[in-house]
Amino acid sequence: MRNDYLDQVQEQQQRLEVDLKARKMAAPHAIAQQNAAPRRRGGAPPPPEMPGGNAVDVRITGFWRWRTVVVPPNAYVVHTRRGHDKPLHIGLGVSFRFNPATDSFLVVPGAMQTILINAHCICRELQGLLVQGYVQWIIEDFATAYKKLDFTDAEDPMRVVNVQLREQAEAAIKDKVATMSIDAVLSDKQPIIEELTARLRQVAEGGGGSDKGLGLRIVTVQIKEAVVSSARLWESLQKPFRAERERVARLATLETEEAISRRELQVEQERSRSRLETESELALLRSQKEAETYDREQTERLRRQHREEDDARKLAVERQQSSLQFAELEKARLAVEAELAQRKHEVEAAQRQRDALAGIAVLDAEREAANRQAHVELELLERRQRVLNELSPSNVQARLVELLPTIAEKLPQPQELKSISIGAGAGTQEGQALTTLVAQMMALVKALRPESEPPPAKKTELVQERLAP
């Protein structure tokens with residue numbers, strides 16, 4: 001049969017061997033010597049390089065042999081030099097000059113460290129337990145600590161020390177748990193804390209006399225939890241308590257149910273009694289309220305009847321007064337309407353009179369304008385007739401002679417010559433002579449007009465009409 005516990009112990013042992021080995025890397029002065037080589041050959045020195053992943057932020061300034069190490073204020077440092085049996089500088093946050101060829105230094109964090117502990121233990125009953133806790137410690141005497149402890153891990157200088165203290169703490173917890181019962185471990189963790197604190201302080205701070213221990217100081221030791229590894233055992237441990245709690249709970253339930261039943265009966269009796277008393281009181285109150293309601297309704301009915309009679313009486317009086325007022329108002333209205341009708345008739349008569357006068361005035365103005373226009377036309381006709389009567393044959397002939405060149409210019413070129421003699425064959429009266437002369441002139445014009453052009457009959461008639469006496 002395979003022993004799982006033995007395999008687990010062997011695996012932890014192998015992990016511990018790996019953890020106890022510090023991860024080394026080149027020291028700062030070796031790196032400085034490598035950087036200084038090009039300087040001796042005349043080349044420019046490369047920038048200073050620090051080990052990657054260091055837990056302390058240390059800065060190295062300067063070049064070649066003239067360098068300065070700047071240490072943070074919360075870190076311990078020890079500075080040694082070749083040929084000196086004691087450190088040149090040692091303390092918290094001390095910066096110093098550094099010569100890579102002859103000097104060496106070690107920087108360690110000064111902050112408080114916390115170690116988590118998971119100890120797989122076996123109690124007195126040979127049962128597996130997991131005890132979880134933590135230990136917090138700090139460096140108290142760095143002059144002693146750097147000589148006895150390994151702080152050379154490149155990434156975490158405290159890693160190896162933490163592993164060593166964790167192993168010592170787990171061993172102390174296992175020794176103490178092996179002498180205790182499982183109930184004592186689960187119920188009281190103070191003996192484990194006292195044993196672990198005593199052992200760690202004896203190792204870290206020393207046991208008295210000239211022995212100063214490791215130069216460390218244990219700040220606090222705490223056990224957080226103890227867990228039973230076997231689930232079945234843990235369930236068995238819980239069964240008595242759970243059964244006892246269940247019994248107590250069941251008894252409490254029965255007692256509670258019995259008390260509740262008794263209380264329910266009492267409450268039901270009290271409730272019935274209260275209900276009967278309440279119903280009787282309610283019946284009495286109801287009858288009183290009904291009587292009060294009836295009295296109030298009767299009183300209200302009488303009050304309403306009186307009020308309605310008073311209102312009817314007042315309403316009749318008001319209606320009579322309103323009728324009288326309405327009659328007076330109607331009489332006044334009729335008088336006003338009569339007066340308004342009379343005034344309206346007067347206004348309409350006056351308006352009709354004004355309209356008639358305005359129409360007569362317009363007719364008079366129109367007649368006067370027509371008379372003036374007729375008078376003017378008569379005067380014009382009289383003057384035109386006078387002008388026509390004043391024209392003599394000699395004036396007509398002279399006017400015609402003046403217009404002959406114009407008439408001749410507007411006549412077409414003659415294509416043939418016709419001779420027409422104009423004699424004095426007119427009558428003895430001047431009007432006939434003038435008519436004869438015009439007829440002869442029209443004959444002349446007709447003779448001179450081209451054959452294709454029709455004669456202007458209308459013009460001839462118009463001229464004859466105008467020249468007629």
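## Exercises on a predicted model

In this predicted model, Val77 sits across from Gly91 of β4.

**Exercise 1.** Work out in which order the strands line up in the open sheet, and which of them stand at the edges.

*Solution.* Start with one pair: strand β3 (residues 75-81) runs antiparallel to β4, and the two share 4 bridges. Now take the whole open sheet: it has 3 strands, in the order β4-β3-β6, with antiparallel pairing. β4 (89-92) and β6 (103-109) each have a single partner strand, so they are the edges, and one side of each has no neighbour in the sheet. As for twist, the average is 5° from one strand to the next.

**Exercise 2.** Check whether the span of helix α4 agrees with its residue count, then list its buried residues.

*Solution.* Helix α4 covers residues 159-178, which is 20 residues. The expected span is 1.5 Å times one less than the number of residues. That gives 28 Å for α4, and its end C-alpha atoms are 28 Å apart, so the two agree. Next, burial: the cut-off is under 20% relative accessible area. In α4, the buried residues are Arg159, Val160, Val161, Asn162, Val163, Leu165, Ala169, Glu170, Ala172, Ile173 and Val177.

**Exercise 3.** Place Leu403 in its helix, decide if Leu403 is buried, partly exposed or exposed, and find the surface patch that includes Leu403.

*Solution.* Leu403 belongs to helix α8 (residues 393-410). Its relative accessibility is 34%, so Leu403 counts as partly exposed. On the surface, Leu403 joins Val401, Leu404 and Ile407 in a nonpolar patch, and together they have about 300 Å² of accessible area. For a helix in general, residues three or four places apart point the same way, because an α-helix has 3.6 residues a turn.

Conventions:
Residues numbered from 1 in each chain as written. Predicted model: local features only at pLDDT ≥ 70, side-chain atom pairs only at ≥ 80, totals over all residues. Heavy atoms only, no water. Patch = residues over 30% accessible without salt bridge, like charges linked within 9 Å, V, L, I, M, F, W, Y side chains within 5 Å. Areas by Shrake-Rupley, 256 points an atom, 1.4 Å probe, with all protein chains shown as cover. Salt bridge = Lys/Arg side-chain N within 4 Å of Asp/Glu carboxyl O. Buried < 20%, exposed > 50% of the residue type's maximum accessible area, 1.4 Å probe, protein only. Pairing = 2+ DSSP bridges. Axes fitted to C-alpha atoms, helices over the stretch in contact; angles between N-to-C directions.
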